[in-house]
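Please work through the following exercises with the sequence and the model at hand. Each task is followed by a solution in steps.

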Amino acid sequence: MSNIGIVGAGLSGLAVANYLKNAIVFESESRPGGLLKTETVEGYTFDTGGSHIIFSRDDCILSEMLAVIGNYVEHRRRTFIFYNNRFIKYPFENGISMLPAEERFQILKDFVENLVREKDEPKNLLEWFYYVFGREITNRYLKPYNEKIWRRDLEEISLEWVGGRIPNPPVDDILRSAVGIETEGYTHQLRFFYPLKGGIETLAKNLAEKVDVRAEEGVRKIEADGRICVETDKGQYEFDKLVYTAPLTYLPELMDCREIEKEIESLDYNSLTVVGLGVKDKVPNFHWLYFPQSNIIFHRVAFLSNYSPYMAPDGCSAIIAEISRKPGERIRNVCDRVIDDLGEVGFEFNVEVCEAWGWEHAYVVYNHQYKGAVERIREYLKARNIIPFGRFGGWKYLNMDAVMTQAKAVANEIVGL
Ligand SMILES: Cc1cc2nc3c(=O)[nH]c(=O)nc-3n(C[C@H](O)[C@H](O)[C@H](O)COP(=O)(O)OP(=O)(O)OC[C@H]3O[C@@H](n4cnc5c(N)ncnc54)[C@H](O)[C@@H]3O)c2cc1C
């Protein structure tokens, strides 16, 4: 078999390496994991890359991930949206049953009228929301929440994003919910799993143990004329093929890629700040909560000690708040603002620890240039025996189970199966 190098030891690099067995994985950070990082501060354990749960529609991949983490806890999702000063069930369309009758009626009337109305085909995310959910559900929740997480006008987001990712709501569910019958949505995620100990990094850590990871050895330069020459922080290597899982936006610094410069420039993404709070209180019995309000700094808050009791000392709790940012956007006094806004939504905690972590690349933003640009970049790299893969290497909104599934396909492609 040919010799393979992998750039990046996030889940994508680690998963491909596990399927290939004898690849070398270069990682610029001091330890592998990428977004799957967990830190313990004064006894409180936080997933610093945001709330990560394990779920999949594919039972084989799910079993594989659970086998990697070893001991885990299983949950039935308890997730709500903060809406008009109360918590309603997530997703919103399934939470309608918890609203006052007049509001349910308005939503139902609009939804039914929208169903039977003749409509133009949607061309962007906002139009798609109106097309599928109607104006009431869109304006009450989908628009404000999505504007908050994407930090863009929703007309700027293409339908590439929607494809299979935001499921069409079952009409039955909306009708039932609107007449006050309780229903469940996103059922593929209703049951989820989480490592018993060590937070989500356990998945990355256990995968990394079985492969050759060179931490603190970032890739600085790639030459790809025939064989691939890689210069790292510590040495030089030659490979037949290279799997590239670092962000595509780093490529111009690493290799001569003038031919695809324009496409790389058109790639858009969002950054993330995660604030971890260690509190000397028991928190409510939620897993995570969504906040669509523009005056509240975070879009999501997760109660990690409800995922596993090992995330905080006895009687205490670990919480994370996630804040989506445009690249380059800075947030001042983020810890204070998170604590203040938790108070604003009714959570007064006895805070013992508060720490913030920043991530440059967190969400791929599917703009209208997305499809053409990413296809062209992929073709260009593949012609040079570089396989782009992963959330930012492949520039695709991948969850962990999709990473595992696609890593297998990448490994098979490399060994020629
Ligand atoms: C807020 C948030 C919540 C999420 N929640 C879930 C969830 O609940 N369930 C789920 O299934 N998925 C979830 N995901 C998705 C999950 O995080 C990703 O699928 C996965 O972590 C992607 O891994 P990756 O290896 O592709 O990317 P990354 O984790 O970004 O890894 C890329 C790696 O490349 C390294 N690197 C960069 N430059 C270089 C260089 N020059 N040389 C060497 N190394 C380099 C980086 O240091 C990094 O380690 C979530 C993602 C986010 C952002």
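The exercises below treat the ligand shell, helix packing, a loop residue and the sheets.

The model is predicted: local features need pLDDT of at least 70, side-chain atom pairs count only at pLDDT 80 or more, and totals for chains, interfaces and linings use all residues. Residues are numbered from 1 along each chain as its sequence is written.

**Exercise 1. Describe the shell around the ligand.**

Step 1. A residue is near the ligand if its C-beta atom, placed from the backbone, lies within 6 Å of it. The shell holds 36 residues, of which G8, G10, G34, G50 and G390 come nearest.

Step 2. Helices (H or I, at least four residues) and strands (E, at least two) are DSSP runs numbered from the N terminus. At least two shell residues are supplied by each of α1 (11–20), β18 (351–365) and α12 (400–414).

Step 3. Ala, Val, Leu, Ile, Met, Phe, Trp, Tyr, Cys and Pro count as nonpolar, Asp, Glu, Lys and Arg as charged, and the others, Gly among them, as polar. On this basis the shell has 16 nonpolar, 15 polar and five charged residues.

**Exercise 2. Determine how α2 and α12 are arranged, and which residues join them.**

Step 1. Axes are lines fitted to C-alpha atoms, for helices over the stretch in contact, and angles run from 0 to 180 degrees between N-to-C directions. The axes of α2 (residues 59–69) and α12 come within 10 Å and cross at roughly 100°.

Step 2. The two helices, α2 and α12, are therefore roughly perpendicular to each other (65 to 115 degrees).

Step 3. Two residues are in contact if their C-beta atoms, placed from the backbone, lie within 7 Å. From α2 the contact takes I61, L62, E64 and M65, and from α12 it takes M400, D401, M404 and T405. Five of these residues are nonpolar, one is polar and two are charged.

**Exercise 3. Decide whether α7 is enclosed or open, and classify M98.**

Step 1. A residue is buried if 20 or more other C-beta atoms lie within 10 Å of its own, exposed if 12 or fewer, and partly exposed in between, with C-beta atoms placed from the backbone.

Step 2. In α7 (residues 201–208), seven of the eight residues are buried, so the helix is largely enclosed by the rest of the structure. The buried residues are E201, T202, L203, A204, K205, L207 and A208. Their cover includes α1, β3 (38–41), α2, β8 (191–195) and β9 (212–214).

Step 3. M98 lies in the loop between α3 (92–95) and α4 (101–116). Because M98 has 18 C-beta neighbours inside 10 Å, M98 counts as partly exposed. Leaving aside residues up to four places away in sequence, M98 touches I88 and K89.

**Exercise 4. Establish the strand order of the two open sheets.**

Step 1. Two strands pair if DSSP finds at least two bridges between them. One open sheet has three strands in the order β10-β11-β12, with antiparallel pairing. Its edge strands are β10 (219–225) and β12 (236–239), each pairing on one side only.

Step 2. Four bridges join β11 (residues 227–232) to β12, and E231 stands opposite Q236 in β12.

Step 3. The other open sheet has seven strands in the order β7-β6-β15-β16-β17-β14-β18, with mixed pairing. β7 (86–89) and β18 each have a single partner strand, so one side of each is left without a neighbour in the sheet.

Step 4. The antiparallel strands β16 (residues 300–303) and β17 (residues 317–325) are joined by four bridges, and F303 has I319 as its bridge partner in β17.

Step 5. Helix α10 (residues 334–344) lies across β14 (268–279), β17 and β18, and runs at about 100° to β18.

Technical notes:
Parallel < 35°, antiparallel > 145°, perpendicular 65-115°, else oblique.
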